[in-house]
Amino acid sequence: MIPFVYFVEERLVNRYSMLSAVAASALLGFGAMGAAEAQIIDFETLPGGGTPTDNQALTGGYTTGGTTVNFGFDIDGDLIADLDAIIESRNDDLSTGAGYTSSGIPERDLSPTGEGGDFLLRAPSSLDVFTNADFLVSYSDDAVRSVSGQIWDIDYGERYLIEALNTSGGLIDSFLTPATPDREGVGTFDGLPYDFTFVDLAEDIAFVRITGSERIRGGGFAFDNFDATGATVEPPTEVPEPASVAALTLFGLGLLTARKQKSSSV
């Protein structure tokens with residue numbers, strides 16, 4: 001089977017890990033890579049059904065894959081959400097109450113497939129995950145050990161600490177998002193998602209907590225596309241240099257060309 005190579009010029013910044021997997025797939029002779037279809041919570045519908053409205057408080061939890069998850073903000077560190085997350089429309093024509101900072105109105109989704117959709121989650125206007133709140137995902141029902149999700153538009157030097165916690169609040173695993181420049185565009189996640197993943201952890205996950213670690217300025221928090229029961233993407237560990245990603249792309253394409261030539265000569 002001829003391997004499939006992704007063309008990701010628009011996503012050089014935050015999808016290089018996927019490109020690495022594609023190149024490895026070509027090297028090993030695998031077919032097109034892909035994950036099993038997952039039940040993604042994309043906030044395009046409310047927990048009870050129906051379409052959200054801009055600036056609506058998210059009440060109630062989403063049930064998926066045998067477990068229920070709730071989203072909110074913890075202001076006193078007790079792992080209980082004190083305030084609801086707010087549903088933000090990407091398609092409103094207002095700059096106030098924005099889910100994240102991005103040039104242009106409406107807020108941009110620069111992903112090739114428009115994977116952000118119409119809605120995301122943000123903090124209430126009174127909260128800032130860098131100063132007085134943590135974003136909290138709380139689990140109930142069936143236990144899980146792999147999750148993935150997205151933080152959008154990290155482009156003003158923001159870094160986030162992402163933690164997976166057990167039922168007693170103990171740390172299972174954590175990591176920091178990569179450092180980015182203090183401006184939009186190249187080297188940042190401007191208008192793009194940062195994909196984070198925890199895979200096959202040693203303990204059951206009861207909470208996912210996201211805290212602002214550092215920033216240069218700005219810092220509007222935006223959360224989207226959460227897979228509560230599985231890991232659909234491999235997490236990047238650093239922002240790659242464009243040249244290294246381009247070289248990896250050429251490597252994958254070279255393997256593909258070699259396979260085609262060999263196939264035609266048989």
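Which backbone oxygen lies 2.6 Å from a polar atom of the side chain of arginine 90? The backbone oxygen in question belongs to glycine 116. This is a predicted model, and arginine 90 is a good place to start walking through it.

Arginine 90 sits in the loop between E6 and E7. Its relative accessibility is 1%, so arginine 90 counts as buried, the cut-off being under 20%. Besides the approach to glycine 116, the side chain of arginine 90 meets that of aspartate 224 in a salt bridge, with N and O 3.0 Å apart. This pair links distant parts of the chain, since arginine 90 is in the loop between E6 and E7 while aspartate 224 is in strand E14, 134 residues apart. Aspartate 224 is buried, as is arginine 90.

Let us step back from that loop into strand E6, which spans residues 86-89. In a regular strand, side chains alternate between the two faces of the sheet. Here both faces of E6 are covered: Ile86 and Glu88 are buried on one side, and Ile87 and Ser89 are buried on the other. Strand E6 also has neighbours to pair with. Strand E2 (residues 56-57) runs antiparallel to E6 and is joined to it by 2 bridges, with glutamine 56 having isoleucine 87 as its bridge partner. Strand E7 (residues 119-122) is likewise antiparallel to E6, joined by 4 bridges. There, the bridge partner of isoleucine 87 is leucine 121.

Leucine 121, then, takes us into strand E7. With a relative accessibility of 0%, leucine 121 counts as buried. Setting aside neighbours within four places in sequence, its contacts include Phe43, Leu58, Ile86 and Ile87, along with Phe71, Phe135 and Phe223. Leucine 121 and aspartate 84 are 37 residues apart in sequence, and their C-alpha atoms are 10.0 Å apart in space.

Phe71, Phe135 and Phe223 lead on to the largest nonpolar core, which has 40 residues; together with Tyr139, they are the residues with the most contacts inside it. Strand E7 is among the elements that give two or more residues to this core, and others include E4 (67-74), E8 (134-141), E13 (207-214) and E14 (223-227). Apart from this core lies another, of 5 residues, among them Leu79, Leu165, Ala206 and Phe207. Back in the largest core, phenylalanine 135 touches residues beyond four places in sequence, including Phe71, Ala85, Leu121, Ile210 and Phe223. Arginine 209 is also one of the contacts of phenylalanine 135.

That arginine brings us back to charged pairs. The count of salt bridges comes to 6, and the pair of arginine 90 and aspartate 224 is one such bridge. Arginine 209 forms another with glutamate 163, where N and O are 2.8 Å apart. Glutamate 163 is in strand E10 and arginine 209 in strand E13, 46 residues apart, so this pair too links distant parts of the chain. Both glutamate 163 and arginine 209 are buried.

What is the setting of the salt bridge that aspartate 204 forms with arginine 145? The closest N and O atoms of these two are 2.8 Å apart. Because aspartate 204 lies in the loop between E12 and E13 and arginine 145 in the loop between E8 and E9, the pair ties together parts that are 59 residues apart in sequence. Aspartate 204 counts as partly exposed because its relative accessibility is 33%, and arginine 145 counts as partly exposed at 38%.

Methods:
Residues are numbered from 1 along each chain as its sequence is written. This is a predicted model: local features need pLDDT of at least 70, side-chain atom pairs count only at pLDDT 80 or more; totals for chains, interfaces and linings use all residues. Side-chain values use heavy atoms; hydrogens and water are left out. Buried means under 20% relative accessible area, exposed over 50%, partly exposed in between (1.4 Å probe, protein chains only). Two strands pair if DSSP finds at least two bridges between them. A nonpolar core is a set of buried Ala, Val, Leu, Ile, Met, Phe, Trp, Tyr and Cys residues joined through side-chain atoms within 4.5 Å. Contact means heavy atoms within 4.5 Å. A salt bridge is a side-chain nitrogen of Lys or Arg within 4 Å of a carboxyl oxygen of Asp or Glu. A polar contact is a pair of N or O atoms within 3.5 Å; within protein, one must be able to donate a hydrogen and the other to accept it, and residues adjacent in sequence count only if both atoms are side-chain atoms.
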